[in-house]
Amino acid sequence: MARDKEKRSCGQVLAEWRAFLWDPRTRQFLGRTGTSWGLILLFYLVFYGFLAGLFALTMWVMLQSVDPHVPKYQDRLLTPGLMIRPRAEGLDVTFNVSQSHTWLPYVQALHQFLEPYNDSLQAARNAPCVPGRYNEQPDDAVPNYPKRACRFNRSALGACSGLGHAGADWDYGYGSGRPCVLVKVNRVINFFPGRNKSINVICMAKVNYTQPVVAVRFSNASANVEHHIECRLQAEGLRTDDDRDKFAGRVAFRLRINRD
């Protein structure tokens, strides 16, 4: 018959654990001497230091091939997208003329959006361009070469500039029921629209870094009626009839101006 193993007392178990943690006879900590622990730590220090250096070198090499102005890989879009400002949930611009709290958020959003377009900022940051001609920004193969876009002054929006002078309304016409909606073309790298011909935006009922925008003012929209508006780009070589992408060269939104 196999003999039953003798049961160890609690004191024996604790003594074994103390000897495992630190054995004064062999001077081992957790079963290893100081020299053994030093060699292991040195190995991991060298190993992970090599991995960190390899990662840093890889990132440095990759960043040398990246242009901060142009994506390394990009899909070619035949038609740029359109969006409106103020940004509205569901592209639904609805407000009540007599209740300022319903349209003040739109005014504040437009002020914030148009701040980079202020004439003083445009003069400081961007360059005057010749009208009617594409403005190219050659870098002469110099990495991080500074680029300056064409100026687009806020004052060019006239009554929809929100500047409150020269006939412009500070509230973009929302307080009088003649609201302004800004239509902007999404930026596409190396895209030359219109084939050297003018490009414009048309809006109709449906049953120009600070890229140029077009302001549309609804001066005689009927009150208490939901209007379905669609704006489209109109230029040579642009398709705006692709039903698979509702933002390709066009944007549709709803406008409702309530009056008590």
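Let me start with Phe47, which in this predicted model has a relative accessibility of 37% and therefore counts as partly exposed, since that class lies between the 20% limit for buried and the 50% limit for exposed. Right beside it in the sequence, Tyr48 forms an aromatic pair with Phe47, and the geometry here is edge-to-face, with 5.2 Å from centre to centre and 70 degrees between the planes. Tyr48 itself, at 49% relative accessibility, also falls in the partly exposed class, because exposed would require over 50%.

Now, the structure holds eleven aromatic pairs, and among them is the one between Phe43 and Phe47, whose ring centres are 5.9 Å apart and whose planes meet at 10 degrees, so that this pair is stacked. What separates Phe43 and Phe47 along helix H2? They are four residues apart in that helix, which means that about one helical turn lies between them.

If we take these rings together, Phe43, Tyr44, Phe47 and Tyr48 form one aromatic cluster, and the four residues of that cluster also contribute to a nonpolar surface patch of about 730 Å², which is completed by Phe50, Leu51 and Leu54.

Let me finish with one of the leucines in the patch, Leu51, which is found in helix H2, the element spanning residues 34-64. Is Leu51 buried, partly exposed or exposed? Its relative accessibility is 36%, and for that reason Leu51 counts as partly exposed, a value that also satisfies the patch requirement of over 30% relative accessible area.

Methods
Residues are numbered from 1 along each chain as its sequence is written. This is a predicted model: local features need pLDDT of at least 70, side-chain atom pairs count only at pLDDT 80 or more; totals for chains, interfaces and linings use all residues. Side-chain values use heavy atoms; hydrogens and water are left out. Patches are made of residues with over 30% relative accessible area and no salt bridge: like charges are joined within 9 Å, nonpolar side chains (Val, Leu, Ile, Met, Phe, Trp, Tyr) within 5 Å. Accessible areas come from the Shrake-Rupley method with a 1.4 Å probe; for residues, only the protein chains shown count as cover. A salt bridge is a side-chain nitrogen of Lys or Arg within 4 Å of a carboxyl oxygen of Asp or Glu. Helices (H or I, at least four residues) and strands (E, at least two) are DSSP runs, numbered from the N terminus. Buried means under 20% relative accessible area, exposed over 50%, partly exposed in between (1.4 Å probe, protein chains only). Rings of Phe, Tyr and Trp (its six-membered ring) pair if their centres lie within 6.5 Å; planes under 30 degrees apart count as stacked, over 60 as edge-to-face and the rest as tilted.
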